[in-house]
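The exercises below are meant to be worked with the sequence and the coordinates side by side. Try each task before reading the solution that follows it.

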Amino acid sequence: MKEKTNVQRFSVRILSGLLALLGFSACGGDDGIDETCAMYGVPTAEYHLKGKVTDVTTNKGVPGIRMVFQSYWDERISDSDVVFHLFDSDTVFSGPNGTYDYQNEWVHGGKHRVVLEDVDGPDNGGEYAKQINEISFTDSEKQKLSAWRTKVEKSDLDFHIKPSPTTE
């Protein structure tokens with residue numbers, strides 16, 4: 001097997017450099033037109049959400065409530081029909097005094113909601129009705145980390161859960 005000569009090594013380096021330069025220059029222009037370079041993957045966001053689940057009538061913290069955080073979008077296919085598309089879903093439970101601290105990475109975009117459900121019955125001081133809360137975030141709660149990554153922090157995302165109609 002022959003060793004590469006200096007000329008061959010030099011030629012490979014020059015050609016590699018030219019290909020890299022030309023490849024990157026094809027991703028944008030100086031003509032004022034916003035050209036998007038193709039990227040693989042999906043935009044994501046780091047979410048850090050904190051708050052408290054309280055009884056709507058007593059305002060006391062409610063422990064043991066299952067909280068399912070969902071990222072989704074819905075598609076209206078007619079005046080009466082909507083198709084629900086779930087991107088991501090994750091679960092956390094409220095702590096002994098009703099507080100929670102949720103951290104995860106979701107697909108960025110779409111809508112967000114939290115499904116609250118009492119899964120332990122009367123063990124947490126009462127029985128509570130299942131509840132779905134839409135959540136949204138202000139621009140001040142979002143921090144852009146890059147073109148594809150965002151950080152969302154909200155420390156006062158409180159929920160007030162209603163007692164189950166059978167226990168009122």
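**Exercise 1.** Through how many residues does a hairpin join E7 to E8?

Solution. The model is a predicted one, and in it the hairpin between E7 and E8 passes through four residues. As a next step, take the pairing itself: strand E7 (residues 142-144) and E8 run antiparallel and are joined by three bridges. To place one of these partners in register, start from Lys142, whose bridge partner in E8 is Val152.

**Exercise 2.** Find which way strand E1 and E8 run, and how many bridges join them.

Solution. Strand E1 (residues 44-55) runs parallel to E8, and six bridges join the two. A bridge partner can again be named, since Leu49 is matched with Lys154 in E8.

**Exercise 3.** Sort the residues of strand E8 (residues 149-154) into a covered face and an uncovered one.

Solution. Begin with the general expectation that side chains in a regular strand alternate between the two faces of the sheet. Applied to E8, the assignment puts Thr150, Val152 and Lys154 on the covered face, while Arg149, Lys151 and Glu153 make up the uncovered one. Now return to the bridge partners: Val152, the partner of Lys142, and Lys154, the partner of Leu49, both belong to the covered face.

**Exercise 4.** Decide whether Ser164 and Asn59 are buried or exposed.

Solution. First locate Ser164, which is found in the segment after strand E9 (159-161). Its relative accessible area is 14%, and because buried means under 20%, Ser164 counts as buried. Leaving aside neighbours within four places in sequence, Ser164 is in contact with Glu127, Tyr128 and Ala129. Then turn to Asn59, which lies in the loop between E1 and strand E2 (65-76). Here the relative accessible area is 54%, and since exposed means over 50%, Asn59 is exposed. As a further point on its backbone, Asn59 has a positive phi of about 65 degrees, although it is not a glycine.

**Exercise 5.** Describe the chain as a whole, starting with which pattern it follows along the sequence.

Solution. Read along the sequence, the pattern is α-β-β-β-β-β-β-β-β-β, which corresponds to one helix and nine strands. Next, consider burial, where 28% of the 168 residues count as buried. The chain exposes about 11500 Å², of which carbon and sulfur atoms supply 53%. Finally, among contacts with a separation of 6 or more, 65% are accounted for by residues 24 or more positions apart.

Note on methods:
Residues are numbered from 1 along each chain as its sequence is written. This is a predicted model: local features need pLDDT of at least 70, side-chain atom pairs count only at pLDDT 80 or more; totals for chains, interfaces and linings use all residues. Side-chain values use heavy atoms; hydrogens and water are left out. Buried means under 20% relative accessible area, exposed over 50%, partly exposed in between (1.4 Å probe, protein chains only). Contact means heavy atoms within 4.5 Å. Two strands pair if DSSP finds at least two bridges between them. Accessible areas come from the Shrake-Rupley method with a 1.4 Å probe; for residues, only the protein chains shown count as cover.
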